[in-house]
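Q: Please take a close look at the second largest pocket. Begin with the protein as a whole, and add some detail on single residues.

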Amino acid sequence: LINTLLQVILNGGVLGSCNALCQYAAPFGSIAVMACNLLCDYVGIEAFISLIRKADLNPIWMCEELRLCEIKDCPEGKQCIAFTGTPAVNPSVPQTESKFAFFTQYTTSQEVGAGEILFFLHTAPGSQPPVIEGGNLVDKWPVGVFNIQIGIELKNNEQGDFPIIFKGGLYSMHTYLCNGQCGSHHVHTQLLAQQKFDFNVTQG
């Protein structure tokens with residue numbers, strides 16, 4: 001993403017417009033576009049371009065750099081968040097060509113700043129794609145017990161250059177709770193909790 005936006009900036013065609021610049025973030029998801037527009041409009045195009053030149057378009061890091069998001073790390077050696085309860089899917093044995101919901105729960109014992117809920121669903125062998133990715137940004141991790149619900153559709157589409165085909169078999173949901181954006185190299189990034197849940201899917 002940073003290379004894409006930098007190339008646009010260096011070409012010099014959109015320096016007066018946040019919207020025109022941020023449209024180039026579309027291939028990286030709606031969260032990236034929304035964060036790009038909000039932060040660019042707030043600080044102005046010139047200050048925003050300066051941030052882009054420094055680092056990748058990490059919306060949480062940029063929010064913290066602009067002092068719009070409170071920085072509140074989990075103290076070293078302490079577990080501020082843990083998964084609690086038992087994860088499940090509904091129906092208990094989903095089918096391909098249908099929708100299902102994944103449920104899990106976590107408990108926060110000490111408040112942490114802005115972060116991300118990230119999940120990877122590893123599909124059964126022979127499926128395309130082999131992994132489905134998704135997630136949400138959170139403005140903070142307050143103290144308390146919270147539920148996560150993720151809706152997923154295993155709909156086949158064999159049209160086009162990249163057919164989508166889901167096979168029955170063992171599926172595995174990997175869920176990560178992070179301070180900052182999961183996997184980022186920026187400061188104030190921590191993996192707070194992770195969970196793996198296996199379940200079976202039948203052929204629909």
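**The second largest pocket**

A: Residues 24 or more positions apart supply 67% of the protein's contacts with a separation of 6 or more, a contact being heavy atoms within 4.5 Å. The model is predicted, with local features requiring pLDDT of at least 70 and side-chain atom pairs pLDDT 80 or more, while totals for chains, interfaces and linings use all residues. Residues are numbered from 1 along each chain as its sequence is written, and side-chain values use heavy atoms, without hydrogens or water.

The protein has 5 helices and 7 strands (DSSP runs numbered from the N terminus: H or I of at least four residues, E of at least two). Read from the N terminus, the order is α-α-α-α-α-β-β-β-β-β-β-β, so the helices precede the strands in this order. Of the 204 residues, 41% are buried (under 20% relative accessible area with a 1.4 Å probe, protein chains only).

The second largest pocket holds about 290 Å³ of space; such a pocket is an open set of 1 Å grid points fitting a 1.4 Å probe, with protein on both sides within 12 Å along at least five of seven lines, and its volume is that filled by probe spheres on the joined points. It is lined by 14 residues, those having an atom within 4 Å of a point. The closest to the centre of the pocket are Ala35, Pro59, Cys63, Cys69 and Leu137. Three elements give two or more residues to this lining: α3 (30-43), α5 (59-65) and β4 (131-138). Helix α3 gives the most, with 5 residues. By type, the lining divides into 13 nonpolar residues, no polar ones and 1 charged, where Ala, Val, Leu, Ile, Met, Phe, Trp, Tyr, Cys and Pro are nonpolar, Asp, Glu, Lys and Arg charged, and the others polar.

Two residues add detail from other elements. Cys22 belongs to helix α2 (residues 18-22). Its relative accessible area is 0%, so Cys22 is buried. Leaving out residues up to four places away in sequence, Cys22 touches Val33, Cys36, Asn37, Cys40 and Phe48. Asn37 and Cys22 are 15 residues apart in sequence, with 6.1 Å between their C-alpha atoms.

His174 sits in strand β6 (residues 169-179). With 17% relative accessibility, His174 also counts as buried. Beyond its neighbours within four places in sequence, His174 is in contact with Leu118, Phe119, Phe120, His122, Gln195 and Lys196.

Technical notes:
Buried < 20%, exposed > 50% of the residue type's maximum accessible area, 1.4 Å probe, protein only.
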